Amino acid sequence: MRFIYMVSLVVSTLIVNANEVEIVEGVPYVEVEANGKTYKIERTQKADSYLTNTFALTSRPSPPFFIEPFSVSKGVETYGELEVLDFISKKKGLFIDARLANWYERSAIPGAVNIPFKYFLSDADEQEQVLKDLGGAYDKSGEWDFSKAKTILLYCNGAWCGQSPTAINALIEVGYPESKMKYYRGGMQAWQLLGLTTIVPKETK
């Protein structure tokens, strides 16, 4: 009887700890390292989970909220959630949250750094430093040289949000290589709709 009890206990524990809702078959979660911490990105296991925050809203005034094209530019690859997970878990480049800071501070995808889209614009005081941080440098003629540019993946609030596309287009204008940029169109709304892990950056510092 004791043996049967122990077996039942082990099986029950495994059931409790198992992820019934997986990312893809055989992958219950993905670990991401950022800011000296390891985050486990998984889908929520609560069967009655629904979006109840601002991302449950489906009606947004236009302007400024129009539906963005699937592709920002032919040379910039558009990513879905699995590609995002692969990018950040394998550290393939810099993962950028291009939203304004007030959005980022409330909730973000683990591993993302906040560089607001306004910083990429030609009239922004921050643009020069941002471009240098991304691997850009002035050549002898005073033009931008992006031969050592970082590979970057940008996202914002979702398909109705123009913040990351604006940043990408601003980078294209100054000559940043399109092959070095990726665009996660689904953004925060699609990420949360799939029940994927988010963090509150202020609480992780």
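## A hairpin to start with

Look at Glu31 and you'll find it standing opposite Lys40, a residue of strand S2. This is a predicted model, so keep that in mind as you explore. S2 covers residues 37–42, and it pairs with S1 in the antiparallel sense, over six bridges.

Together, S1 and S2 make a hairpin with two residues between the strands. One residue to look up here is Asn35, which takes a positive phi near 55 degrees.

## Salt bridges

How many salt bridges does the structure hold? There are six. One of them joins the side chains of Glu33 and Lys91, with a distance of 3.2 Å from N to O. Glu33 belongs to strand S1 (residues 29–34), while Lys91 sits in the loop between helix H2 (81–89) and strand S4 (94–97), so this pair ties together parts that are 58 residues apart in sequence. Are these two partners buried or exposed? Lys91 is exposed, with a relative accessible area of 55%. Glu33 counts as exposed too, at 51% relative accessibility. The cut-off for that word is over 50%.

Now move to Asp86. Its side chain meets that of Lys90 in a salt bridge of 2.9 Å, N to O. Asp86 also forms a salt bridge with Lys92, at 2.5 Å, N to O. Put the pieces together and you get a network of salt bridges linking Asp86, Lys90 and Lys92. As for how open these residues are, Lys90 is exposed at 55% relative accessibility, Lys92 is partly exposed at 45%, and Asp86 is partly exposed at 23%.

## Inside the protein

In soluble globular proteins, nonpolar side chains tend to be buried together. Here, the largest nonpolar core has 26 residues, and the members that touch the most others are Val84, Phe95, Tyr155, Tyr184 and Trp191. Which elements give two or more residues to this core? They are S1, H2, helix H3 (101–106), S8 and helix H6 (187–193). H2 provides the largest share, four residues.

Phe95 is a good one to click on. Leaving out residues up to four places away in sequence, Phe95 touches a list of residues that includes Val84, Phe87, Ile88, Ile109, Leu153 and Tyr155. There is also a second, separate core of 22 residues, and among its members are Ile96, Ala170, Tyr176 and Tyr183.

## A lysine in a loop

Finally, where does Lys150 lie? You'll find it in the loop between strand S7 (144–145) and strand S8 (152–155). Lys150 is partly exposed, with a relative accessible area of 39%.

Which residues does Lys150 contact, once its neighbours within four places in sequence are set aside? The answer is Asp133, Leu134, Tyr176 and Lys180. You can also trace the path from Lys150 to Met181: these two are 31 residues apart in sequence, and 8.6 Å apart in space when you go from C-alpha to C-alpha.

Technical notes:
Residues numbered from 1 in each chain as written. Predicted model: local features only at pLDDT ≥ 70, side-chain atom pairs only at ≥ 80, totals over all residues. Heavy atoms only, no water. Salt bridge = Lys/Arg side-chain N within 4 Å of Asp/Glu carboxyl O. Buried < 20%, exposed > 50% of the residue type's maximum accessible area, 1.4 Å probe, protein only. Contact = heavy atoms within 4.5 Å. Core = buried A, V, L, I, M, F, W, Y, C linked by side-chain atoms within 4.5 Å. Pairing = 2+ DSSP bridges.
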